[in-house]
Amino acid sequence: MTLEAILAALHVVAILTFVVFLSSQAALCRIEWLNAAVVERLARLDVIYGVAGVVMIGSGIARVIWGVKGASWYLSQPLFHIKITIVLAMVILSFVPSLAFRRWRRDLLSTGALPGAPEVAKVRRLVMTQSHVLPVVAVIAVFWARGW
């Protein structure tokens, strides 16, 4: 039971960290606020966001493998598959902003140029999509925990 509690706590902390840093990206990724300091901050936030995502997924996998309920229980649950599909879609979506933040930082350091408004708008749209999809995962988890 101690392992189950540790894995559950690690999973929750990773989820909360993920939410905080995704929200921070959503708040900062605006053309009207974009300057050199924000580009640097977005790149740093994205690293923490990525680490939180890896810990979130890793702790979730650990719960499936070593948790009390066991893999067969998780794998037999339809809501588990929906939840995992949505999370994987978010992971795929997150690559574009992550690469953009790194490119913006590299361009800033090499030429001093900030990204253009259309590119910032595109990246912001993807970050906001993730921000709006994430609560769906939470709702699915709540229904799943109550036996749906």
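Which pattern does the chain follow, read along the sequence? I read it as α-α-α-α-α, and I counted five helices and zero strands, taking both as DSSP runs numbered from the N terminus (helices H or I, at least four residues; strands E, at least two).

I noted that this is a predicted model, in which local features need pLDDT of at least 70 and side-chain atom pairs count only at pLDDT 80 or more, while totals for chains, interfaces and linings use all residues. Residues are numbered from 1 along each chain as its sequence is written, and side-chain values use heavy atoms, with hydrogens and water left out.

Overall dimensions: I found that the C-alpha trace spans about 55 × 25 × 20 Å along its principal axes.

Burial and contacts: of the 148 residues, 36% count as buried, that is, under 20% relative accessible area with a 1.4 Å probe and protein chains only. Among contacts (heavy atoms within 4.5 Å) between residues at least 6 apart in sequence, 80% join residues at least 24 apart.

Surface patch: I looked up a nonpolar patch formed by Leu-3, Ile-57, Ile-61, Ile-65 and Trp-66, with about 510 Å² of accessible area together. Its members have over 30% relative accessible area and no salt bridge (a side-chain nitrogen of Lys or Arg within 4 Å of a carboxyl oxygen of Asp or Glu), and nonpolar side chains are joined within 5 Å. Helix α2 (residues 36-66) gives the most to this patch, with four residues, whereas Leu-3 lies in helix α1 (residues 2-28). I entered Leu-3 as partly exposed because its relative accessibility is 45%, between the 20% limit for buried and the 50% limit for exposed.

Key:
Patch = residues over 30% accessible without salt bridge, like charges linked within 9 Å, V, L, I, M, F, W, Y side chains within 5 Å. Areas by Shrake-Rupley, 256 points an atom, 1.4 Å probe, with all protein chains shown as cover.
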